[in-house]
Amino acid sequence: MSRRIVALAAMALILLVIGMDVTASPPNPYTAPSAFALGSGAAPSGGFCGALPD
Amino acid sequence: MSTAVEYSDVRGPWGRVARRGALVIGALIAVVLVAALAGPRFGLMLAIGLGLGMTLEGLRFGFAGPWRAMILRRDPAGILAQLLSIAIVAIVAIPLLQSHAGELVGAEAPVGFAMIGGAFVFGAAMQVVLGCGSGTLVNAGSGNPVGLLALPFFAIGSFFGAYSLVWWTDLGSLPIIVLRGGQGLAITLVLLGAVAAFLLWRAAPGTRRIPGRYIAAALLLAAFAIGNLLVAGQPWGVVYGLGLWVAKGAVGAGVDLSGSAFWSAPGNAARLGDSVLTDYTSLTNFGLIAGAFVIANWRAGGLSAPLPSLPARAWVATVIAGLLLGFSSRLAFGCNVGAFFSGISTGSLHGWVWFAAAFAGSWVGVGLRPRLGLEART
């Protein structure tokens, strides 16, 4: 067995995460923010590992 | 020579061109697809993640390895490159965070008992599996079985660390301290220079230079990290996304997360219902894995190496280290990316404390790794 099978398994893992999530929580491009946060005038709202719960 | 390499050679240069073309087209399609499904910002974030993964795998750069090189061989080249990259990001990010405070936010977190302990444990665990936050993802994407096994347990640990984060933080924390503006940038650069000077002083003879490959990696990492800040409005991070995947899975399975102050907080509760394709750290995490996969496939024979033969205790150690990586990085308010790289480059004091505690933990981890069967004992 080579590293190829492990790399393919890693890709399968992320495709599984995305696939399961897209069916449960489909994204909506019509509510998307502007391409860049800088200059958008909107407050940052993403989750981050350094942030305490808001 | 392995079978895969022989097969690749039989197909000749045209087969290689076709394979590489398919990899590039596949990556571009993924970015366009995410942009179309979720919005252009999220397509850009996946592209940034792909760039980060390609940089780390393509230039064989990382965080755990250079720290190990300094501890074992007093070779500071990799850490010096990390400090260079952090300095470049700081020069751009700290002034921007001040001038666009309503649109951008830094990796700001408090220093506390659990934060310091978490960073120490993270440093030890990342040396056991020789993979940090970004490194575990890149290792998995490039076919490293230790990285792949550690990854799901890293995510589970991150979920539980976040679940109990407030309890741990309440054990004792300082207010958030941030080095802001021109003065904050000057202090950050002086501190980075002081650490670099200390490392050069302690370096073994003949190691006091940064190879061109590491300089290229430092510049590219800085460019992508700055891009992350400009597009997402927040710095590059890893562990939030990993914990979110498990939290979404738990909610999907009917688990009630209202008992967690973290997951029931309005912002996090909303993200549990949003698409993972709109979560910044998830997208860069996907990109890190896929970018490493692209580069590993790009190299001739890059994935044909046989898997390592490790004793059972090494696999058990990998599972435990994966859980600890995830749990401890949440208590520490980030891993080597969110706390060390992004924390210091956006002026947060916790990034510096994380660096010291995690480096101390790395000394322990370097000693543990051979005892746990993950390398030949010397």
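# Two chains, mostly helix talk

Modeller: In chain B, 82% of the contacts with a separation of 6 or more join residues 24 or more positions apart. Keep in mind that this is a predicted model.

Biologist: Okay. What are the counts of helices and strands in chain B?

Modeller: Chain B has 16 helices and zero strands.

Biologist: And what radius of gyration does chain B have?

Modeller: It is 20 Å for chain B. A compact globule of 378 residues would have a value near 21 Å, so the two agree. Along the principal axes, the C-alpha trace of chain B spans about 60 × 55 × 45 Å.

Biologist: How much of chain B is buried?

Modeller: Buried residues make up 57% of its 378 residues.

Biologist: Now chain A. What is in there, in helices and strands?

Modeller: One helix and zero strands. Chain A is more spread out than a compact globule, because its radius of gyration is 17 Å, well over the 10 Å that the globule rule gives for 54 residues.

Biologist: What box do the C-alpha atoms of chain A fill?

Modeller: Roughly 50 × 30 × 25 Å, taken along the principal axes. Of the 54 residues of chain A, 30% count as buried.

Biologist: How many residues of each chain are in contact with the other chain?

Modeller: On chain B, 72 residues are in contact with 40 residues of chain A.

Biologist: Which element gives the largest share of chain B's side?

Modeller: That is α13(B), with seven residues. By class, the side of chain B that touches chain A has 40 nonpolar, 24 polar and eight charged residues.

Biologist: Can you show me single residues that touch chain A?

Modeller: Try V105(B). It sits in the loop between α4 and α5 (113-128) of chain B. Leaving out residues up to four places away in sequence, V105(B) touches P44(A), G233(B) and Q234(B).

Biologist: Is V105(B) buried or exposed?

Modeller: Buried, with 23 other C-beta atoms within 10 Å. The cut-off for buried is 20 or more.

Biologist: How far is V105(B) from A232(B)?

Modeller: Their C-alpha atoms are separated by 9.5 Å. Along the chain, V105(B) and A232(B) are 127 residues apart.

Biologist: Got another one?

Modeller: P145(B), in helix α7 (residues 145-163) of chain B. It touches V6(A) and L307(B), again not counting residues up to four places away in sequence. P145(B) is buried, with 21 other C-beta atoms within 10 Å.

Biologist: And where is P145(B) relative to G26(B)?

Modeller: The two are 24 Å apart in space, C-alpha to C-alpha. In sequence, P145(B) and G26(B) are 119 residues apart.

Biologist: Back to α13(B). How do α11(B) and α13(B) cross?

Modeller: Helix α11 (residues 239-252) of chain B and helix α13 (residues 280-298) of chain B cross at roughly 100°. Their axes come within 7 Å. The two helices are therefore roughly perpendicular to each other.

Biologist: Which residues make that contact?

Modeller: From α11(B), they are Y240(B), G241(B), L242(B), L244(B) and W245(B). From α13(B), they are T281(B), S282(B) and N285(B). That contact has four nonpolar, four polar and no charged residues.

Biologist: What about α6(B) against α13(B)?

Modeller: Helix α6 (residues 133-141) of chain B and α13(B) cross at roughly 40°, and their axes come within 7 Å. That makes α6(B) oblique to α13(B). The crossing is right-handed.

Biologist: Which residues meet there?

Modeller: On α6(B), S134(B), L137(B), V138(B), A140(B) and G141(B). On α13(B), N285(B), L288(B), I289(B), A290(B), A292(B), F293(B) and A296(B). By class, the contact divides into nine nonpolar, three polar and no charged.

Biologist: Switching to backbone angles. What is phi for R74(B)?

Modeller: Near 55°, a positive value in a residue other than glycine. R74(B) lies in the loop between α3 (64-73) and α4 (77-99) of chain B.

Biologist: How exposed is R74(B)?

Modeller: Partly exposed, with 13 other C-beta atoms within 10 Å.

Biologist: And what is phi for F333(B)?

Modeller: Phi of F333(B) is near 55°, also a positive value in a residue other than glycine. F333(B) is in the loop between α14 (312-331) and α15 (336-345) of chain B.

Biologist: Is F333(B) buried or exposed?

Modeller: F333(B) is buried, with 35 other C-beta atoms within 10 Å.

Key. Residues numbered from 1 in each chain as written. Chains lettered and ligands numbered in written order. Predicted model: local features only at pLDDT ≥ 70, side-chain atom pairs only at ≥ 80, totals over all residues. Axes fitted to C-alpha atoms, helices over the stretch in contact; angles between N-to-C directions. Helix = DSSP H or I, 4+ residues; strand = E, 2+ residues; numbered from the N terminus. Parallel < 35°, antiparallel > 145°, perpendicular 65-115°, else oblique. Contact = placed C-beta atoms within 7 Å. Nonpolar A, V, L, I, M, F, W, Y, C, P; charged D, E, K, R; others polar. Buried ≥ 20, exposed ≤ 12 C-beta atoms within 10 Å, placed from the backbone. Left-handed = near helix turned anticlockwise from the far one by under 90°. Rg over C-alpha atoms; globule rule 2.2 N^0.38 Å.
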